[in-house]
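Colleague: Got a minute to walk me through this one? I'd like to go slowly and start with the helices.

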Amino acid sequence: EKYNKHKSEHKEAVQKLEEREQGAKCIHRRWLQPRSYQATIIKEVDKCLKEEGNSAIVVLPTGTGKTLIASELIRRRLSMDEGGNKVAVFVAPTIILALQQTEVLQELTGYEVMPCCGEVTTEELVEISVDFPIVVCTPQAFLNGF
């Protein structure tokens, strides 16, 4: 029941974003090529993450393509997941940004993305991740679900 509520909220959020962007110039982000510094970061982070137990943090100024970098790394990781067991969790600081990033990540990766904001339990996240390999959530939803 709560899963259907999240799915319904996702559809409503998508509809609101589409209405707001109606008539705006569409950029096909999926075909964006990373700039040289982004490609270098993607390569280095990818190399780091191949070793079990490693993690990475990318710190860049606003507008320098952190989402593009993250989406490419997520896309690569999910495409290597033969069993379909992996889930990428993308944390955005606010509900509005989580909804925006949901759309951008879906466009950039080609995967289904589900926003989870507010009260989400671990069980709900597990249920959601069956249909959505990428989950975008706020920090509070992340803490609630994990």
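Modeller: Sure, but one term before we start: a helix axis here is a line fitted to C-alpha atoms over the stretch in contact, and angles run from 0 to 180 degrees between N-to-C directions. Also keep in mind that this is a predicted model.

Colleague: Okay. How close do the axes of α2 and α3 come, and at what angle do they cross?

Modeller: Helix α2 covers residues 36-49 and helix α3 covers residues 66-79. Their axes come within 10 Å, with a crossing angle of roughly 40°.

Colleague: Is that parallel, perpendicular or oblique?

Modeller: Angles under 35 degrees count as roughly parallel and 65 to 115 as roughly perpendicular, so roughly 40° makes α2 oblique to α3.

Colleague: And is the crossing left-handed or right-handed?

Modeller: Right-handed, as α2 passes α3.

Colleague: Let me zoom out for a sec. How many helices and strands does the chain have?

Modeller: There are 6 helices and 3 strands in the protein chain. Going along the sequence, you'd read the pattern as α-α-α-β-α-β-α-β-α.

Colleague: How much of it is buried?

Modeller: Of the 146 residues in the protein chain, 35% are buried.

Colleague: Back to those two helices. Which side chain meets aspartate 46 in a salt bridge at 3.3 Å?

Modeller: That's arginine 76, with 3.3 Å from N to O. Aspartate 46 sits in helix α2 and arginine 76 in helix α3, so this pair ties together parts that are 30 residues apart in sequence.

Colleague: Are those two buried or exposed?

Modeller: Aspartate 46 has 10% relative accessibility, so it counts as buried. Arginine 76 is partly exposed, with a relative accessible area of 29%.

Colleague: What about arginine 77, which partner does that one have?

Modeller: Arginine 77 forms a salt bridge with aspartate 46 too, and their closest N and O atoms are 3.8 Å apart. This pair also links distant parts of the chain, with arginine 77 in helix α3 and aspartate 46 in helix α2, 31 residues apart. Arginine 77 counts as buried because its relative accessibility is 18%, and the cut-off for buried is under 20%.

Colleague: How many salt bridges are there in the structure?

Modeller: It holds 5. Another one of them joins arginine 75 and glutamate 72, at 2.6 Å from N to O.

Colleague: Where do arginine 75 and glutamate 72 lie?

Modeller: Both are in helix α3, 3 residues apart, which is about one turn of the helix. Arginine 75 is partly exposed at 30% relative accessibility, while glutamate 72 is buried, with a relative accessible area of 17%. Salt bridges with shared partners join Asp46, Glu72, Arg75, Arg76 and Arg77 into one network.

Colleague: Nice. New topic: which residues form the nonpolar patch on the surface?

Modeller: Val87, Val89, Val91, Phe142 and Leu143, with about 390 Å² of accessible area together. The elements giving two or more residues to the patch are β1 (88-91) and α6 (139-145).

Colleague: Pick one for me. Where is phenylalanine 142, and how accessible is it?

Modeller: Phenylalanine 142 is in helix α6. At 32% relative accessibility, phenylalanine 142 counts as partly exposed.

Conventions: Residues are numbered from 1 along each chain as its sequence is written. This is a predicted model: local features need pLDDT of at least 70, side-chain atom pairs count only at pLDDT 80 or more; totals for chains, interfaces and linings use all residues. Side-chain values use heavy atoms; hydrogens and water are left out. Patches are made of residues with over 30% relative accessible area and no salt bridge: like charges are joined within 9 Å, nonpolar side chains (Val, Leu, Ile, Met, Phe, Trp, Tyr) within 5 Å. Accessible areas come from the Shrake-Rupley method with a 1.4 Å probe; for residues, only the protein chains shown count as cover. A salt bridge is a side-chain nitrogen of Lys or Arg within 4 Å of a carboxyl oxygen of Asp or Glu. Helices (H or I, at least four residues) and strands (E, at least two) are DSSP runs, numbered from the N terminus. Buried means under 20% relative accessible area, exposed over 50%, partly exposed in between (1.4 Å probe, protein chains only). Angles under 35 degrees count as roughly parallel, over 145 as roughly antiparallel, 65 to 115 as roughly perpendicular and the rest as oblique. A crossing is left-handed if the near helix is turned anticlockwise from the far one by less than a right angle, and right-handed if clockwise.
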